[in-house]
Amino acid sequence: MNPIWTRSLIAIVLLGLLCFVAGALAGVTAALVLAVVVLLAQSLSGTFHKQRLWRLLDAPAYGEVPSASGVWGEIYYRLYKLAKRWHGQVRQIEQQHARFIQAIQASPNGVVLLDQHDRIEWCNAISQTHFGLDAQRDLHQHITHLVRQPTFVRYLNAHQYDGTLVMSGMGEARYNVLSVQVFPYGERRKLVLSQDITELERTDAMRRDFVANVSHELKTPLTVLSGFLETMRELPLGEAERQRYLELMAQQAARMQHIVSDLLVLAKLEGDSRPPGEHIVDMRAVLRHLRDDAENLSGGRHRLTFASDLGLSVAGVESEILSALGNLVTNAIRYTPDGGTIHVVWHDVMGCAVFAVSDSGLGIPAADMSRLTERFYRVDRSRSRDTGGTGLGLAIVKHVLQRHDARLEIKSEEGRGSTFSVQFPVSRTVWCEASSED
Ligand SMILES: Nc1ncnc2c1ncn2[C@@H]1O[C@H](COP(=O)(O)OP(=O)(O)OP(=O)(O)O)[C@@H](O)[C@H]1O
Ligand SMILES: [Mg+2]
């Protein structure tokens, strides 16, 4: 039987016995008075505990257990145990919820939760940057009132969420490109996932540009070459003319060879992720080579000066260093009109080996500076092509320097000249026994 029933029955039996004994000893009136007093006391105690329980249920305070004896004590204790269990469960759910929110916050993707009416229920920090939202201010706002781009509004309203939507010009970084996809869930609720694909788009565009550039660069000499071939096949030419055509054809073939070999160098540098070994470069030989090449290329048209600290060297790959520094010297000669000066320095600056080439040449417009190391990028295409340039030299320089942990610094003023300096880190700078020369 239920313990409450059992206790109530025992209390009634006990009261009956007590009244019976009182009736036998002091008469019926005394027995009745006793019964009324006990029942009244019981009823008052019941009312007191009922209102206590009422107050407790009205404003539950976890951990507070009213003290009472008998059945009421048992009821309070059971209530306390129930509250304790619920409290534990709630805490567990709260912790799970907090961990879940932390995980979504840590995601590199933007997450926005929408209710049945496309109003924002929750959004993570990344989505705030992506869409320019404010998690507090924009709560319960219709998303299309905040993300107003017509493509997004159309996408959201079309209810066809198989594909992704690519958007740009959104949020704090307005030039970023986002890939957005909506995933319906629950009762007509939606999850909006956004991913920053700026870098992906950029590399894709670079790849497309690269293919277009290679084709374009090869197409020009190929067209010229096939034009000459056609002429030689169709027209009866004299020996002198034939020689001239052959010479021009050889020039175009050499140009194509130059492009292809530069591309192969680049591909090799890019494919080789290993840092160059600790071999000490013979900088004296490199500098001698650079000087000879510079004098040959200039042919006395420029004033060349070389100042080098022959005790200074670097750890790396000699052929790569020679090709990178050689391009800087070649550029200085190519892009400096006759009569200009070119000054080459190899010295140490605060423990770092520095190679610098200064020229009094054409200089580079400020707008072109950031793009110089892009493949095929030339400031003045026609002039560069006239001098045999393919626009791959500085891209090779960039890769070689990256592999040697070195930095390229370019200072230039249009019409006044440029200085290209390469700074090797202390970790790659090596001192050998030698003296300075000028
Ligand atoms: N010293 C310089 N003075 C002025 N412009 C320069 C100088 N060095 C480079 N440039 C500009 O930067 C562009 C890119 O140089 P880069 O060395 O990459 O290619 P290139 O010299 O045209 O061809 P390549 O080196 O592949 O034969 C050049 O076309 C030129 O416009
Ligand atoms: Mg060059």
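This is a guided tour of a predicted model, moving from the whole chain to its domains, cores, ligand and a few single residues.

**The whole chain**

Begin with the entire protein in cartoon view, where 13 helices and 13 strands can be picked out. The radius of gyration is 44 Å, well over the 22 Å that the globule rule gives for 438 residues, so the protein is more spread out than a compact globule. Turn the view along the principal axes, and the C-alpha atoms fill a box of roughly 155 × 60 × 35 Å. If you colour by burial, 21% of the 438 residues count as buried. A contact map is a useful companion here: among contacts with a separation of 6 or more, 56% are accounted for by residues 24 or more positions apart.

**The domains**

Next, colour the chain by its domain assignment, which gives domain 1 (3–101), domain 2 (107–196), domain 3 (200–271) and domain 4 (283–437). Select domain 2 and domain 3 together and place a marker at the centre of each, taken over C-alpha atoms; the two centres are separated by 48 Å.

To follow the chain over a longer span, select Ile12, which is found in helix α1 (residues 3–26). Isoleucine 12 is exposed, having 10 other C-beta atoms within 10 Å. Now add Ile259, which lies 247 residues away along the chain, and draw a distance between the two C-alpha atoms, which comes to 111 Å.

**The largest core**

Which residues have the most contacts inside the largest nonpolar core? Select Val286, Ile321, Leu325 and Val329, which hold that place in a core of 43 residues. Then show the elements that give two or more residues to this core, namely α8 (239–271), α9 (283–298), β7 (312–314), α10 (318–334), β8 (341–349), β9 (352–359), α13 (393–403) and β11 (417–423). Helix α10 gives the largest share, with 8 residues. Centre the view on Val286 and, setting aside residues up to four places away in sequence, you will find that it touches Val281, Glu318, Ile321, Leu322 and Leu325. A second core, separate from the largest one, has 15 residues, and Ile143, Val147, Val182 and Val192 are among them.

**Around ligand 1**

Move to ligand 1 and select its shell of 23 residues, the closest of which are Arg378, Val379, Gly389, Gly393 and Leu394. Colouring this shell by class gives 9 nonpolar, 10 polar and 4 charged residues. Helices α10 and α13 each supply at least two residues of the shell, and the largest share, 3 residues, comes from α10. Both helices were also met earlier, as elements that give two or more residues to the largest core.

**Two residues with positive phi**

Select Phe376, in the loop between α11 (366–369) and α12 (381–386). Although it is not a glycine, phenylalanine 376 has a positive phi of about 70°. Is this residue buried or exposed? With 21 other C-beta atoms within 10 Å, Phe376 is buried, because the cut-off for that class is 20 or more.

For the other example, go to His159, which is found in the loop between α6 (150–158) and β3 (165–168). Histidine 159 has a positive phi of about 60° and, again, is not a glycine. Its surroundings hold 9 C-beta neighbours inside 10 Å, so His159 counts as exposed.

**Two helical histidines**

The tour ends with two histidines placed in helices, beginning with His145 in α5 (residues 143–146). Histidine 145 has 12 other C-beta atoms within 10 Å and is exposed, since the exposed class takes in residues with 12 or fewer. Add Arg119, which is 26 residues apart from His145 along the chain, and the two C-alpha atoms are separated by 9.4 Å.

Finally, select His49 in helix α2 (residues 28–58). Histidine 49 is partly exposed, with 19 other C-beta atoms within 10 Å. Leaving aside neighbours within four places in sequence, His49 is in contact with Ala68 and Trp72. The C-alpha atoms of His49 and Ala68 are separated by 8.6 Å, the two residues being 19 apart along the chain.

Definitions and conventions: Residues numbered from 1 in each chain as written. Chains lettered and ligands numbered in written order. Predicted model: local features only at pLDDT ≥ 70, side-chain atom pairs only at ≥ 80, totals over all residues. Core = buried A, V, L, I, M, F, W, Y, C linked by C-beta atoms within 7 Å. Helix = DSSP H or I, 4+ residues; strand = E, 2+ residues; numbered from the N terminus. Contact = placed C-beta atoms within 7 Å. Domains from an automatic or database assignment. Near = placed C-beta within 6 Å. Nonpolar A, V, L, I, M, F, W, Y, C, P; charged D, E, K, R; others polar. Rg over C-alpha atoms; globule rule 2.2 N^0.38 Å.
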